[in-house]
Each structure stands twice: as C-alpha cells, then as structure tokens.
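Biologist: Please take one close look for me, at the ligand and its surroundings. Then carry on to the loops that deserve attention.

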Amino acid sequence: MSGIRPTGLLHLGNYFGAIRNYVKMQEDFECYFMVADLHSLTTHPDTKELKANVHRVLAENIACGLDPDKAAFYCQSHIHETAELYLYLNMMAYKGELEKTATFKDKVRSHPDNVNAGLLTYPVLQTADIIIHRAKYVPVGKDQEQHLEMARNFANRFNHRYGEVFPEPSAFNYNQDLVKVPSLDGTGKMSKSENQMATLYLADDDELIRKKVMKAKTDSGPGANNSPKPDYIENVFLLMRLVSADDVIRKFEADYDNCSIRYGDLKKQLAEDMIQFIAPIRQKVNAILEDEKYLRQVMEQGAEKANRSAAATMQLVRDAIGLNYY
Ligand code: AMP
C-alpha cells in the first residue's frame, strides 16, 4: 500500500522512490495504491485545481506502468471508512510524539499561518490509509522512513490495547536501501513544490530537461587521482546511475578517477539519457489525460476494490474495540 499527494507535477524522486516499486509489486502482491487527496488538504486547502491535479497523478502513475487492472488504484477520499479508523487511532497518538515529527516541524516552518490539527495528525491518517488494508509492505522513498516507524507504533499500540488485528507495516524497497533522489543543485531532494528548477518533472519538455541538467552544480574537476567525490558530484553520478547505460557510467567514473572528466560532456550525456527516459512517459500522460471517461472508470474500479478491503478490516476493528453491542 502506498500513496502520492496530488499537490503538483510528479518528478524523478516520486518515480524512483515510489512508482518504480509499485509497478514491480503489482506483479507479486495484492496492492493498494492511492492518490492522497485528503492529505493534500492539510497544506493546499484551495481545491480549485484539485480535480485536474488528481487526474494528472492518475495519468502519470498509469503512464509509468501502474496497471489499474492489477492493483487497486483509487482516491483516498472515496474510502470513507478510513476517516473512522483515523478517529480511533487519534486516541492512541500522543501530542508530544506528533509534535516531534520532522515533517510536521518542516511544515510549521514553511506554513506558519496554517498549522492545523490535520497537519499535526498527518502520520495518523497515513497509518489509517495503510492499515485499513492490513498492509505489510509500503513502497516509499527515504523521506517517509519516520512516518512508517510511527505507523508501526500506532498499529502495535492498537493490537496491544484491543487484540491482534494489524500486521506491522514497514517501508519496502525489495531489500535495498530506501531511495532519496537529490535535487540538481545539490542542496536537498527533488520535490513537487520546492526547488523547481533543480527538480526534473515527468512533464518537463526536452529543452527544459537540457536546461536544468546543464545547470547542475559541478566544479573544475578532481585535483588528484581517485579522489572522493564531493556530495554535489556524487548526486550527479547518482542521477546518471538511475537512467544511463552501464558502459556510460563506467566511462565517466573512470574519467573522474583519472582526472580527465569534463563535466560539460557528462551533463550533456545525462540530459540526453534523461530525455530518453522522460519523453515517452510525458507523451503517454498527455494521451491518458485526454480520456476523462477512462480516468473516471479507473477511480470507480479502484474504489470498489479498496472499499471491499476496508469494510472487511473495519468489521474486525469494531469487534476488537468492542463497538458491537447492539
Ligand atoms: P509526495 O511527493 O510527498 O506525495 O511523496 C510521494 C512518494 O514519493 C513518497 O513515497 C515519497 O517517499 C516519494 N518521494 C518524494 N520525493 C522523493 C525524492 N526526492 N526521492 C525519493 N523518493 C521521493
């Protein structure tokens, strides 16, 4: 189970941190993937763009290979029982632990005029989304590690208080380390809303991709053979490892080690490899977005599957709590 907020264009971080695993997992597991439209209301209360943004996230996931016939692919707001589970879990979540969450502290800094209770209890709603399907594996990027630890705590607390209902959910990346795709300027991670010129979006056209990659931070090159790479150079290589062929990567690694590297050439190659990767996805997204009827069908089909699973879990939850006396 996993979700993505419809708060802007999806980027390479969303793809390599999350969607790539959705596409693999749908072959091996019973999967639930959702557009987290309710979570987006914590920071984006204005809903004028919501429908278009939801459509875009649906189309972008499908263009990346998510198959709505294999996985349940739905909107968070279509599963009303999640709100009920969220209510019960809120009574087991403590103010102190919620206030300590790194993402909450970040949001308080970036939205000081809208520090609402939904923002504080964001990890509780996220837990409800996950455990309402009694999910074990949650494909997410590294930025979600702390939230997953909280989800484990809340699920365990429920089990301890009311009896074993939920398996322990954990972040999942096929036994590999969780991924963080860095921004091109070497200062942070790619993101939907911040640092837009340093983030590569799946909607970027070829020229914009070239422009962004050519601006990636580099320097005049290593001073001695086999030097360690500064973080911003390591980031550029990390991006190359995501999209370039093995022999290309080996060549530039060797050039770096023997001090013959030309970062202009490396960035030109990286830009072309990024275009090869992003352009076909962008074209598919545009075609899917034209077919609103299909998108509605996807949402209905997904909601039906997800509601069936949620209803079964909620019966267990109400029985475990003891809300079954009439
Ligand atoms: P969000 O964009 O916050 O709705 O996150 C959707 C998914 O993308 C989550 O699983 C995140 O962990 C993942 N994600 C977002 N940004 C990055 C990034 N820069 N690197 C890796 N994963 C990311």
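**The ligand site**

Modeller: Start with the ligand's nitrogen. One nitrogen atom of the ligand lies 3.0 Å from a polar backbone atom of Met190. The ligand alone would expose 480 Å², and the protein buries 94% of that (Shrake-Rupley areas, 1.4 Å probe).

This is a predicted model: local features need pLDDT of at least 70, side-chain atom pairs need 80 or more, and totals for chains, interfaces and linings use all residues. Numbering starts from 1 along each chain as its sequence is written, and side-chain values use heavy atoms, without hydrogens or water.

Now the ligand's oxygens. Arg5 uses its side chain: a polar atom there lies 2.9 Å from an oxygen atom of the ligand. Gly141 uses its backbone instead, with an N or O atom 2.7 Å from a ligand oxygen.

Arg5 and Gly141 also appear among the nearest residues. Asp143, Val181 and Lys192 complete that nearest group, out of 18 residues around the ligand (a heavy atom within 4 Å). By type, the shell around the ligand holds 6 nonpolar, 7 polar (Gly included) and 5 charged residues.

Which element gives the largest share of that shell? It is α1, with 4 residues.

**Two loops**

Next, the loop between α8 (122-131) and β4 (137-138), where His133 lies. (Helices are DSSP runs of at least four residues, strands of at least two.) The side chain of His133 makes a polar contact (N or O atoms within 3.5 Å, one donor, one acceptor) with the side chain of Ser309. That contact is 2.6 Å. Is His133 buried or exposed? His133 counts as buried because its relative accessibility is 10% (buried is under 20%, exposed over 50%, partly exposed in between).

Arg134 lies in the loop between α8 and β4 as well. Its relative accessibility is 39%, so Arg134 counts as partly exposed. The backbone of Arg134 deserves a look too. Phi is near 50° there, a positive value in a residue other than glycine.

Asn175 also has a positive phi, near 65°, and it too is a residue other than glycine. Asn175 lies in the loop between β5 (170-171) and α10 (206-214). Where does the side of accessibility fall for Asn175, buried or exposed? Asn175 is exposed, because its relative accessible area is 83%.

Definitions and conventions. Buried means under 20% relative accessible area, exposed over 50%, partly exposed in between (1.4 Å probe, protein chains only).
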